[in-house]
Amino acid sequence: EGEEIRTGHIYVAPPDHHMLVKRGHVLIRKGPKENRTRPAADPLFRSAAVAYGPRVVGMVLTGTLDDGTAGLLAVKRCGGVAAVQNPDDAAWPDMPRHAMRKVTVDYCLPLDALSTLVARLSREPAGPRVPIPQEIELEAHIAEQEMIAMIEENSDNTVSGKPSMLTCPDCGGALMEVEDGPLLRFRCHVGHAYSPASLVEAQGEAFEQAL
């Protein structure tokens, strides 16, 4: 928490905590889960996009379901670069394949070529800064807060969306449908967030537990 970001260092999130980026340092927070996961890729990508805009290179590697797609879209909308591992090169191709369906990626490369790409891009000038969309800033703010802060948050600062007929598998609250360009996502008032695929899986597990 609060550690300075230094050149040439790799930072790994601790278990059961989101790792977020602010200008010059990292935040470690136990905010609401996204896609049933903490740490999750989406809040990390979103926070980096808000803090550094076109200096960010978002990268989605092998994995199941679709965590990382919404965050990669935020990176692109804030002027950053989007890259994915070639699905044919991935042990579990779901995450990079889903990202490619919803985000106009700049690079799709095998794993052994991605490190060279990052090294090259880190030495090149960034693109022009673009205005940060308000909804991305707000969602980045949600991940920075502890659960009690989310519950007490002023209703004027919640993510806009239309009510759905579904409830949150984590807390039982009502879910809102959030339209994020080509993506449909769901978020409750506490801050738990789901893609359609992760919500289907979570609802299925809740149904089995009830039985």
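In this predicted model, the lining of the second largest cavity is a mixture of residue classes. Four of its residues are charged, three are nonpolar and two are polar. The lining consists of Glu34, Asn35, Asp42, Arg46, Ala70, Arg185, Ala193, Tyr194 and Ser195. Two elements, α1 and β9 (193-194), each supply at least two of these residues. The second largest cavity holds about 30 Å³ of space. The search covered the whole structure and found two cavities of 30 Å³ or more.

Helix α1 also packs against a second helix. Helix α1 spans residues 41-52, and helix α2 spans residues 69-77. Their axes lie 7 Å apart and meet at an angle of about 10 degrees. Angles under 35 degrees count as roughly parallel, so α1 is roughly parallel to α2. On the α1 side, the contact is made by Asp42, Phe45, Arg46 and Ala49. On the α2 side, Thr69, Ala70, Gly71, Leu72, Ala74 and Val75 take part. Six residues of this contact are nonpolar, two are polar and two are charged. Asp42, Arg46 and Ala70 belong to the helix contact and also to the lining of the second largest cavity.

The loop between β2 (25-29) and α1 contains Pro39, and Arg36 has its place in that loop too. Two backbone features stand out here. Most residues other than glycine have a negative phi, and most peptide bonds are trans. Arg36 is not a glycine, yet its phi is positive, at about 65 degrees. The peptide bond that joins Arg38 and Pro39 is cis, with omega at about 10 degrees.

Helix α1 appears once more in the largest pocket. This pocket has a volume of about 1,500 Å³. It is lined by 40 residues, and the closest to its centre are Ala48, Val56, Val57, Gly58 and Val118. By class, 27 of the lining residues are nonpolar, nine are polar and four are charged. Four elements each supply at least two residues of the lining: β1 (18-22), α1, β3 (57-60) and α4 (111-123). The largest share comes from α1, with five residues. Helix α1 therefore takes part in the packing against α2, in the lining of the second largest cavity and in the lining of the largest pocket.

The overall fold can be described in the same brief way. The chain has seven helices and nine strands. Its C-alpha atoms fill a box of roughly 50 × 35 × 30 Å, taken along the principal axes. The chain has 211 residues, so a compact globule would have a radius of gyration near 17 Å. The chain has 17 Å, which agrees with that value.

Conventions. Residues are numbered from 1 along each chain as its sequence is written. This is a predicted model: local features need pLDDT of at least 70, side-chain atom pairs count only at pLDDT 80 or more; totals for chains, interfaces and linings use all residues. Side-chain values use heavy atoms; hydrogens and water are left out. Axes are lines fitted to C-alpha atoms, for helices over the stretch in contact, and angles run from 0 to 180 degrees between N-to-C directions. Angles under 35 degrees count as roughly parallel, over 145 as roughly antiparallel, 65 to 115 as roughly perpendicular and the rest as oblique. Contact means heavy atoms within 4.5 Å. Ala, Val, Leu, Ile, Met, Phe, Trp, Tyr, Cys and Pro count as nonpolar, Asp, Glu, Lys and Arg as charged, and the others, Gly among them, as polar. On a 1 Å grid over the protein atoms alone, a cavity is a set of points where a 1.4 Å probe fits but cannot get out, and a pocket is an open set with protein on both sides within 12 Å along at least five of seven lines; lining residues have an atom within 4 Å of a point. Grid points are joined across faces, edges and corners, and a volume is the space filled by probe spheres set on the points. The radius of gyration is taken over C-alpha atoms; the globule rule is 2.2 Å times the number of residues to the power 0.38.
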